[in-house]
Amino acid sequence: MKTKSSVIEKLITIDNIKDAHRAKIYYQIYSSTQKSAKKEADFIVKVLNLQKGSKVLDLGCGFGRHSIELAEKGMKVVGVDISRSLLKIAKERAKKRRCKIKFLQKNFLKISFKEKFDAAIMMLNTFGLMSDKNNERALEILTNLLKHGGKLLVDLRNPGRLREGKIYKNPEIIKGVRVWTGCVYVKQQKRVIIKRTLYLKDGKQYTYILAVRLYFLSELKKLLSKHGFKITKIFGDFSGNPYRRKKSPRLIVVAEKK
Ligand SMILES: C[S@@+](CC[C@H](N)C(=O)[O-])C[C@H]1O[C@@H](n2cnc3c(N)ncnc32)[C@H](O)[C@@H]1O
C-alpha cells in the first residue's frame, strides 16, 4: 500500500524521462558548474576544517562535482546517489582525474556504514528534495553516520529572498542549449516550484518540474537540534559572506554532532 509520504515524493518531482537519458542531458548542461565546484570545495575544506585523510560523505553526489574536488585535496570520499547513470558519469570522471572515490548507488534513506565519517555534505538543495518527513529522516540517519564532533554542511537556496507568488524567469543559453527556468515560491507549502525546459540541439524538448523544500534558519535550527546537531557557522554564499535573511542567495549551515 502506498504511504502518504510516497505519494508526496511522486508529486514533488515530475520528471518521467529515463534515468540514463536525464543523466546525459544533466551532465551536458551542468558540467559547466564544475567551475564553481572548485571554489565550493575550497570553502567546504575551510569551514569544516577538513584534513588530508578526513572521511567525507557526499550525499546526493550527482556526477561527483564535490566528491572529485575533495578527493583531489586528499580526503577519503564516499559519494552516494540514487541515480545509477549519474554515478556512472561520476566514476568515469574520477577515473580520468585519477581519484579514488567510493561511489554507492543507494537511496540515502537506506544507507548504513560500519565506518563513521568526519563530515557529511548535502549540496545544491539536496536536503530539500524529499518530503518533509524524509528530509528529517535523512538527518536522523546522518546522526548515526558521523563521529562524535563530526560536521555536517547543508547548502540550500535562501527562501528569504523570494517573494511569494512572484514568478522568477531565467532564460539562458548553456553550451548552445536554450534553457528556460521559471520558479515560484509557494509559502504555504514552503517549497519553490521550479519548471525547467531544455530545448535540445536535436530539436527535442525536455521539461521537468521540481518542488524543492526551502527552510528558514529558525526551522533548520530546530530540526538540527532535534537530531543532535548544533549549528556552529552560517553563511549566505560560498565566498563566506554572512547570511542575510532577505539578501543572501544561499543558506549554508555548518552543524556539529553533539
Ligand atoms: C540537486 S542534485 C545535486 C547534485 C550534487 N550534489 C551537485 O551539487 O552537483 C541532487 C542529487 O541528489 C540525488 N538524490 C535525490 N534524492 C536522493 C535519494 N533519496 N537518495 C540518494 N540520492 C538522491 C539526485 O539523484 C541528484 O543527483
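In what follows, Ala, Val, Leu, Ile, Met, Phe, Trp, Tyr, Cys and Pro count as nonpolar, Asp, Glu, Lys and Arg as charged, and the others, Gly among them, as polar. Good morning. The structure I present today is a predicted model, and I shall begin with its ligand.

How many residues surround the ligand? There are 17, and the closest are G60, G62, I82, M123 and L124. Sorted by class, this shell holds 9 nonpolar, 6 polar and 2 charged residues.

One of those closest residues, L124, deserves a second look. L124 sits in the loop that runs between β5 (117-122) and α6 (132-145). Its phi is near 55°, which is a positive value in a residue other than glycine. For context, most residues other than glycine have a negative phi. Is L124 buried or exposed? A residue is buried if 20 or more other C-beta atoms lie within 10 Å of its own. L124 has 21 such neighbours inside 10 Å, and therefore counts as buried.

N49 also has a positive phi, near 55°, and is likewise a residue other than glycine. N49 belongs to the loop between α3 (34-47) and β2 (55-59). The surroundings of N49 are as follows: 11 other C-beta atoms lie within 10 Å, so N49 is exposed, given that the cut-off for an exposed residue is 12 or fewer.

I turn now to the packing of helices. Two packed helices are described by the angle between their axes and the distance between the axes. Consider α3 and helix α4, which spans residues 65-72. Their axes come within 9 Å and cross at roughly 55°. Because of that angle, α3 is oblique to α4. The crossing of α3 past α4 is right-handed. Which residues make the contact? From α3 they are Q34, A37, K38, E40, A41 and I44, and from α4 they are R65, H66, E69 and L70. By class, this contact of α3 with α4 comprises 4 nonpolar, 2 polar and 4 charged residues.

Helix α4 itself is mostly covered, with 7 of its 8 residues buried. The buried residues are R65, H66, S67, I68, E69, L70 and A71. What covers them? The cover includes α3, β2, β3 (76-81), α5 (84-96) and β5. Just after α4 comes G74, whose phi is positive, at about 100°.

A second pair of helices is α2, residues 19-30, and α5. Here the axes come within 7 Å and cross at roughly 45°, which means that α2 is oblique to α5. In this contact, α2 contributes D19, A20, A23, Y26 and Y27, while α5 contributes R84, S85, L86 and I89. The contact of α2 with α5 divides into 6 nonpolar residues, 1 polar and 2 charged.

My last example is I209, which is found in strand β10, residues 205-213. How far apart are I209 and C183 in sequence and in space? They are separated by 26 residues in sequence and by 9.4 Å from C-alpha to C-alpha. Because I209 has 16 other C-beta atoms within 10 Å, this residue is partly exposed.

To close, I suggest that you find two places in the structure above. The first is the loop that holds L124, a residue among the closest to the ligand. The second is helix α4, where 7 of 8 residues are buried. Thank you.

How values were computed
Residues are numbered from 1 along each chain as its sequence is written. This is a predicted model: local features need pLDDT of at least 70, side-chain atom pairs count only at pLDDT 80 or more; totals for chains, interfaces and linings use all residues. Helices (H or I, at least four residues) and strands (E, at least two) are DSSP runs, numbered from the N terminus. A residue is near a molecule or strand if its C-beta atom, placed from the backbone, lies within 6 Å of it. Axes are lines fitted to C-alpha atoms, for helices over the stretch in contact, and angles run from 0 to 180 degrees between N-to-C directions. Angles under 35 degrees count as roughly parallel, over 145 as roughly antiparallel, 65 to 115 as roughly perpendicular and the rest as oblique. A crossing is left-handed if the near helix is turned anticlockwise from the far one by less than a right angle, and right-handed if clockwise. Two residues are in contact if their C-beta atoms, placed from the backbone, lie within 7 Å.
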